[in-house]
Amino acid sequence: MTRRKLVAGNWKMNGSRAALAELDGIAAAAAAAPNVDVMVAVPFTLIAPAADRAPTLSIGAEDVHEADSGAHTGCVSAAMVKEAGARFTLVGHSERRMDQGETSHDAWAKAAAARRQGLHVISCCGETEAERDADRAERVVQAQIEKSVPDNADGSWFTLAYEPRWAIGTGRTPTLEQIAAIHAIARAKLRTLIGDAADGVRILYGGSVTGDNAATILACDNVDGALVGGASLTAAKFVPIITAAAAL
Ligand code: PGA
């Protein structure tokens with residue numbers, strides 16, 4: 001089963017209207033890499049101007065609320081981000097799990113809400129450093145997948161991202177063997193949940209991906225792309241990752 005590589009950026013709480021100029025170079029690189037899907041998740045306030053500026057890129061949200069509408073002050077629904085121009089959303093990012101106390105069940109509910117609006121979903125999982133040190137990484141990731149992946153998930157709208165928390169923004173990455181081991185376990189877990197559809201679901205690696213390490217990480221078994229934080233903020237840093245994916 002061949003799965004198209006997917007390189008997704010996550011700007012987190014960074015960026016500004018001026019920073020959207022970076023999307024020009026990213027869109028050009030994406031156009032030059034027709035065998036790779038390129039997505040960029042931006043803060044809510046930048047979705048509409050980003051989608052206007054880069055109509056050929058898939059612009060997304062970093063989170064959505066699990067309800068379609070209602071009395072949820074300060075929250076934003078999947079329908080709202082879609083109307084603003086988002087084509088996808090992240091759910092269950094470890095920073096939201098840490099900062100907002102979100103759970104795998106929340107990620108499941110948010111994925112379902114996004115699906116109701118026809119958005120693509122990138123659902124994140126990954127162990128903490130303490131869990132890795134206690135040899136629990138595999139069990140933690142399996143449990144997160146079990147609780148967060150909707151029954152009707154398939155590759156047409158659902159992507160999983162394995163992001164060990166201790167590798168995010170730290171410049172540290174797992175060994176290629178550790179990445180391949182977790183991705184194999186994630187694939188097997190998906191198979192128990194959604195059967196053959198698991199073969200079509202892309203599993204991204206995230207955590208300190210750069211232009212320097214992308215080629216070797218992306219070449220690992222069951223690594224179908226990358227979710228990129230810091231190195232997605234500028235075209236100069238993000239384009240080499242797109243180019244590395246295109247060369248595989
Ligand atoms: P990083 O972030 O590439 O800056 O480590 C990845 C992520 O959190 O998605």
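User: What makes a pair of atoms a polar contact?

Analyst: A polar contact is a pair of N or O atoms within 3.5 Å. This model is predicted, and the distances below are computed from it.

User: Why is the pair formed by G230 and the ligand called a polar contact?

Analyst: A backbone N or O atom of G230 lies 2.9 Å from an oxygen atom of the ligand. The cut-off is 3.5 Å, so the pair counts as a polar contact.

User: Which polar backbone atoms of G169 and S208 qualify, and at what distance from the ligand?

Analyst: A polar backbone atom of G169 is 2.6 Å from an oxygen atom of the ligand. For S208, a backbone N or O atom lies 2.7 Å from a ligand oxygen. Both pairs are within 3.5 Å, so both are polar contacts. Taken alone the ligand exposes 290 Å², and the protein buries 95% of that.

User: How many residues surround the ligand, and which are the closest?

Analyst: There are 13 residues around the ligand, and the closest are K12, H93, E163, G169 and S208. The ligand takes up the space of the second largest pocket.

User: Why are strand 1 and strand 8 said to pair?

Analyst: Pairing needs at least two bridges, and strand 1 (residues 5-10) and strand 8 have four, so they pair, in the parallel sense. In strand 8, G225 is the bridge partner of L6.

User: What makes strand 7 and strand 8 a pair?

Analyst: Strand 7 (residues 202-206) and strand 8 share two bridges in the parallel sense. At least two are required, so the strands pair. G206 stands opposite L227 in strand 8.

User: How do you know that both faces of strand 8 are covered?

Analyst: In strand 8 (residues 225-228), G225 and L227 on one side are buried, as are A226 and V228 on the other. Buried means under 20% relative accessible area.

Conventions. Residues are numbered from 1 along each chain as its sequence is written. This is a predicted model: local features need pLDDT of at least 70, side-chain atom pairs count only at pLDDT 80 or more; totals for chains, interfaces and linings use all residues. Side-chain values use heavy atoms; hydrogens and water are left out. Buried means under 20% relative accessible area, exposed over 50%, partly exposed in between (1.4 Å probe, protein chains only). A residue is near a molecule or strand if one of its heavy atoms lies within 4 Å of it. A polar contact is a pair of N or O atoms within 3.5 Å; within protein, one must be able to donate a hydrogen and the other to accept it, and residues adjacent in sequence count only if both atoms are side-chain atoms. Accessible areas come from the Shrake-Rupley method with a 1.4 Å probe; for residues, only the protein chains shown count as cover. On a 1 Å grid over the protein atoms alone, a cavity is a set of points where a 1.4 Å probe fits but cannot get out, and a pocket is an open set with protein on both sides within 12 Å along at least five of seven lines; lining residues have an atom within 4 Å of a point. A molecule sits in a cavity or pocket if more than half of its atoms lie within 2 Å of its grid points.
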